[in-house]
Amino acid sequence: MPSFHVLIAGGGIGGLCLAQGLRRAGVSCTLFESAPGIGRAGYRLHMNGAGGRALQQCLPDNLFELYMQTSRETPRREVMVMLDHQARELGARPHIGPPNDPRRPHTAVNRRTLRQIMGLGLEDIVRYDSTVTGYETDGEKVRVLLDDGTSETGDVLVGADGINSVLRGQLLPDVPVMDTGIRSLYSTAPLTDDLAASLPEALFDGFAVAVGPNGALFAYGVYRPRRPVAEAVAELAPGAPVDPVDPYIMVNLGLPPGSPVAAEAPDLWDSSAETLHALMRTAVRGWDPALADLVEHVDPTTIFPVSMRHLQPADPWPAGRVTLLGDAIHAMPPSFGSGANTALRDAAALARALERAAHGETPLVEAVAEYETEMRAEVFPILRASADPRAADIDFLPDDLPVSHT
């Protein structure tokens, strides 16, 4: 194989998956991550056939098996369930994506666990505390610029640096970040046996959403792994730095703009955990007792605020030595649970394209163009649907979205 080196900006879900895929293919790469290590941003991620297959293509066999065993146990229904505030089921919507694995479906993961698994074996590839500030190209190579004044040169640079992507800002400066106006509080509650026994059965399906008369929208997602995390790690990756995780239920409060509950909310970013927890309690006043009691069980130290933002689908652009994946090019609201899955899908597709380029089978720019064209065709419809105001409607499922039947 001729000398060929890939530079990756961003060590989130997509960047780590790409690095694993390139390493598996024997393609040299370096990943730059601004954080000092794998942090605790976010909790539970929905997984579908697209994301699961991407992991299978990119991860070593033992790490893919570790992902599967630490995934959430298979629910009775892998759907999104809509409830009213009295826990009465209003309807259900199938998850989107290609057909799932019928024997052991892809379900959901703990985000930090997945990132820790994907970081294994990349110690010589990932450079933490390295913030990318831009790039320069000369037609033959691309140079990534770092905040410490140094730079690194490679054949291609991949922006996997999220919705605020510095690389997208330079490559596609006219792509706007759209603010939906929705503010959310993410949190978790420890899922003890007693709490689990008290909750409506629908909360244990793929994902559940309850809406109240005050406009409050609660989203629920259970994480109970198929096998205890520490036990699976001990067998499949002995000694690996993967934290144990106890079962929990994610409890997210959505505050739509103009709703009564949003009008009562304080500044979410300037409030204590106790104040935010009190807001969650207020939001479920008069709700089904089990749903209200669930909020009481939320661990206040896990509460953090989020602004719901997304990107507009970019018009086609000329391919070159700089490309983008995941949230850096199609950040989307969580309406269809597709953000992580599409980032993983991108990573696997780009790893295949760059492997062809590294082997001289396809000219680099042509390989990048094929990846970008396919990504726009497959992912932009999901971005448009996820950002559609009708996405909260249980009956909204555009014809151009693949539906996963399991």
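The exercises below, each with a worked solution, concern a predicted model.

**Exercise 1. Compare the end-to-end distance of helix α12 with its expected span, then describe its surroundings.**

Solution.
- Helix α12 covers residues 339-358.
- At 1.5 Å a residue, its 20 residues should span 28 Å, and the end C-alpha atoms are 28 Å apart, so the two values agree.
- Of the 20 residues in α12, 16 are buried, and the helix is mostly covered.
- After α12 comes G360, which has a positive phi near 75°.

**Exercise 2. Do the span check for helix α13, and find where α13 bends.**

Solution.
- Helix α13 runs over residues 364-387, which is 24 residues.
- From first to last C-alpha, α13 reaches 32 Å, close to the expected 34 Å.
- The bend is at V379 and amounts to about 35°.
- A proline, P381, follows within four residues of that position.

**Exercise 3. Determine how many disulfides the model has, and explain the result for C29 and C58.**

Solution.
- The cut-off for a disulfide is a pair of cysteine sulfur atoms within 2.5 Å.
- For C29, the closest cysteine sulfur belongs to C58 and lies 11 Å away, so the distance is too far for a bond.
- For C58, the nearest cysteine sulfur is that of C17, at 3.8 Å, and C58 is in no disulfide.
- The count by this rule is zero disulfides.
- Both residues can also be classed by accessibility: C29 is buried at 6% relative accessibility, and C58 is buried at 2%.

**Exercise 4. Identify the residues that touch the most other members of the largest nonpolar core, and the helix that gives the most to this core.**

Solution.
- The largest nonpolar core has 105 residues, and V6 and L55 touch the most other members.
- Helix α12 gives the most to this core, with eleven residues.
- Leaving aside residues up to four places away in sequence, L55 touches C17, M47, F64, Y67, L114, M118 and L344.
- Another core, of 35 residues, lies apart from the largest one; its members include A202, A216, A283 and W287.

**Exercise 5. Give the strand order of the five-stranded open sheet, and state which strands are at the edges.**

Solution.
- The order is β7-β2-β1-β11-β18, with parallel pairing.
- β7 (126-127) and β18 (322-324) each have a single partner strand, so one side of each is left without a neighbour in the sheet, and these two stand at the edges.
- Inside the order, β1 (residues 5-9) pairs with β11 (residues 156-159) in the parallel sense over four bridges.
- V6 has V156 as its bridge partner in β11.
- V6 is also one of the two residues named in Exercise 4 for touching the most other core members.

**Exercise 6. Describe the pairing of β9 with β10 and the hairpin they form.**

Solution.
- β9 (residues 142-146) and β10 (residues 151-154) pair in the antiparallel sense, over four bridges.
- V144 has E152 as its bridge partner in β10.
- Four residues lie between the strands of the hairpin, in which G149 takes a positive phi near 90°.

**Exercise 7. Is E201 buried or exposed, and how far is its C-alpha from that of R76?**

Solution.
- E201 is in the loop between α6 (193-198) and β14 (207-211).
- The cut-off for exposed is over 50% relative accessible area.
- E201 has 52% relative accessibility and therefore counts as exposed.
- E201 and R76 are 125 residues apart along the chain, and their C-alpha atoms are separated by 9.5 Å.

Key. Residues are numbered from 1 along each chain as its sequence is written. This is a predicted model: local features need pLDDT of at least 70, side-chain atom pairs count only at pLDDT 80 or more; totals for chains, interfaces and linings use all residues. Side-chain values use heavy atoms; hydrogens and water are left out. The expected span of a helix is 1.5 Å times one less than its number of residues. The bend at a residue is the angle between axes fitted to the seven residues ending there and the seven starting there. Buried means under 20% relative accessible area, exposed over 50%, partly exposed in between (1.4 Å probe, protein chains only). A nonpolar core is a set of buried Ala, Val, Leu, Ile, Met, Phe, Trp, Tyr and Cys residues joined through side-chain atoms within 4.5 Å. Contact means heavy atoms within 4.5 Å. Two strands pair if DSSP finds at least two bridges between them.
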